[in-house]
Amino acid sequence: MRLTFLGGVGTVTGSKFLLETDRRRLLIDCGLFQGYKQLRLKNWQPFPLDPSAIDAVVITHAHLDHSGYLPLLVRRGFSGPVYATSSTIDLLHILLRDAAYLLEREAEYANDQGYSKHSPALPLYTMADAERALDRLESCEFHTPVAIGGNIELGFRRAGHILGAAILTIGIDERRIVFSGDLGRPGMPTMGDPEPVEDAEVLVLESTYGDRVHSKENPEDMLADIINRTAARGGSIIIPSFAVGRSQTLLYHLHRLKQARRIPDLPVYLDSPMAIDATEIFCRHPDDHRLSAEEARAAFGVARYVHTPEESRALDANHVPKVIVSASGMATGGRVIHHLKVYARDARNTILFAGYQAGGTRGASMIAGADEIKIHGSYIPVHAEVDQLDMLSAHADASEIITWLSNFRTPPRHTYIVHGEPAASDALRHRIEEKLGWNCTVPEYRDIADID
């Protein structure tokens with residue numbers, strides 16, 4: 001048996017792990033590379049093996065860095081089942097379609113404006129590719145084993161990261177291999193705690209925040225301070241937000257702040273069709289989060305939903321102070337980049353990031369203090385205040401990961417540290433070896449581990 005690391009190593013994007021036995025080939029996650037150009041170019045390269053040789057894909061959760069390559073894999077020949085939890089499948093129906101739509105629109109816009117180096121510019125994949133991928137989905141439930149042949153059994157436990165996110169256990173005969181997926185955080189207001197795992201022969205562990213500990217500052221205190229400060233100077237707050245998970249958490253906090261009258265009664269807009277759909281899915285799956293259906297409806301009612309492009313453009317023409325929550329979370333695409341072209345220029349406004357910013361993204365550049373950002377081939381000056389709510393992260397930090405690992409009754413024979421920038425992954429490796437005495441490795445792209 002062997003494990004090949006085809007993504008999600010040396011970076012937080014492109015998660016793909018190929019598990020091969022003498023009978024089956026499983027691909028664990030099927031994510032897009034994002035961020036730096038040299039990473040994004042990997043999406044265009046031939047897949048390292050014939051996709052038709054893969055028997056099945058398992059998706060730990062719906063974020064595109066774990067699922068967004070799936071339409072391309074299907075287009076290139078994969079025809080097997082794709083296993084995921086029911087909530088994840090509901091989200092994939094909106095995320096993959098939205099990704100395809102944006103890719104098509106971006107290619108059309110590049111051709112219209114003539115800023116692409118390619119003639120014509122083509123999308124990475126199309127809506128038709130996304131639809132074919134969605135046809136391959138098979139629903140799984142938490143805590144219900146799924147036999148998929150070849151003496152292989154899948155198990156799903158709640159990871160607490162986003163709706164439907166799973167810690168994946170793969171049983172092969174008497175052996176257990178665990179993929180953490182993206183681990184959530186204990187004690188978060190909307191999502192439940194990541195469920196414990198007590199034993200595994202091999203563990204594949206994420207390390208997004210493996211080199212740091214999240215701020216203990218109350219997010220509502222910081223959010224209130226930023227909104228009040230910006231409103232006082234007549235500005236608006238633009239929040240690039242992940243459509244799934246982070247947008248719903250932000251609406252929850254904004255609702256609480258308004259209810260407590262801690263912020264002015266500014267209009268709040270949720271300007272992302274995908275986030276709107278994800279919010280509706282959130283309400284339909286009360287077993288997968290902490291809020292009741294009534295609490296969720298009340299919290300999400302704080303925002304006015306912006307459905308059409310015309311309504312979105314109207315927000316930029318209206319200079320009344322407001323809060324706009326819009327995808328994407330790293331400002332790599334979607335409607336938020338159109339808002340940035342308008343609002344980033346004005347020092348009265350605030351651009352507020354609410355999650356991890358991968359290297360090479362506009363979000364990472366702005367957090368680092370860039371005085372201009374490139375959008376649609378042009379450079380936009382950044383005069384607005386730029387802030388970040390890092391305590392809203394849906395990823396466990398280094399201490400929280402160690403706490404989750406303490407549930408293991410015996411150490412895994414080997415732990416592979418993935419899904420992190422190099423410094424974060426190596427820091428977590430060192431911390432685990434020092435505190436727990438476990439055998440750890442930080443693999444590199446296309447490394448192969450013999451797990452026999």
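Let's start inside this predicted model: alanine 331 is buried, with a relative accessible area of 0%. Its backbone also deserves a look, since alanine 331 has a positive phi of about 60° although it is not a glycine. You will find alanine 331 in the loop between β15 and α11.

That loop holds another point of interest. Serine 328 sits there too, between β15 (323-326) and α11 (336-343). A cis peptide bond links serine 328 to alanine 327, with omega at about 15°. For context, most peptide bonds are trans, and most residues other than glycine have a negative phi.

Where else does a positive phi turn up? Asparagine 151 has one of about 60°, although asparagine 151 is not a glycine. This residue belongs to the loop between β7 (146-149) and β8 (152-158). Is asparagine 151 buried or exposed? Neither label fits fully: asparagine 151 is partly exposed, with a relative accessible area of 41%.

Here are the two positive-phi residues side by side:

| Residue | Phi | Relative accessible area |
|---|---|---|
| Alanine 331 | about 60° | 0% |
| Asparagine 151 | about 60° | 41% |

Now for the surface. Which residues make the nonpolar patch of about 340 Å²? Leu41, Trp44 and Leu122 form it together. Leucine 41 lies in the loop between α1 (37-40) and β4 (56-58). Why can leucine 41 count towards a patch? Patch residues need over 30% relative accessible area, and leucine 41 meets that cut-off because its relative accessible area is 43%, which makes it partly exposed.

Notes: Residues are numbered from 1 along each chain as its sequence is written. This is a predicted model: local features need pLDDT of at least 70, side-chain atom pairs count only at pLDDT 80 or more; totals for chains, interfaces and linings use all residues. Side-chain values use heavy atoms; hydrogens and water are left out. Patches are made of residues with over 30% relative accessible area and no salt bridge: like charges are joined within 9 Å, nonpolar side chains (Val, Leu, Ile, Met, Phe, Trp, Tyr) within 5 Å. Accessible areas come from the Shrake-Rupley method with a 1.4 Å probe; for residues, only the protein chains shown count as cover. A salt bridge is a side-chain nitrogen of Lys or Arg within 4 Å of a carboxyl oxygen of Asp or Glu. Helices (H or I, at least four residues) and strands (E, at least two) are DSSP runs, numbered from the N terminus. Buried means under 20% relative accessible area, exposed over 50%, partly exposed in between (1.4 Å probe, protein chains only).
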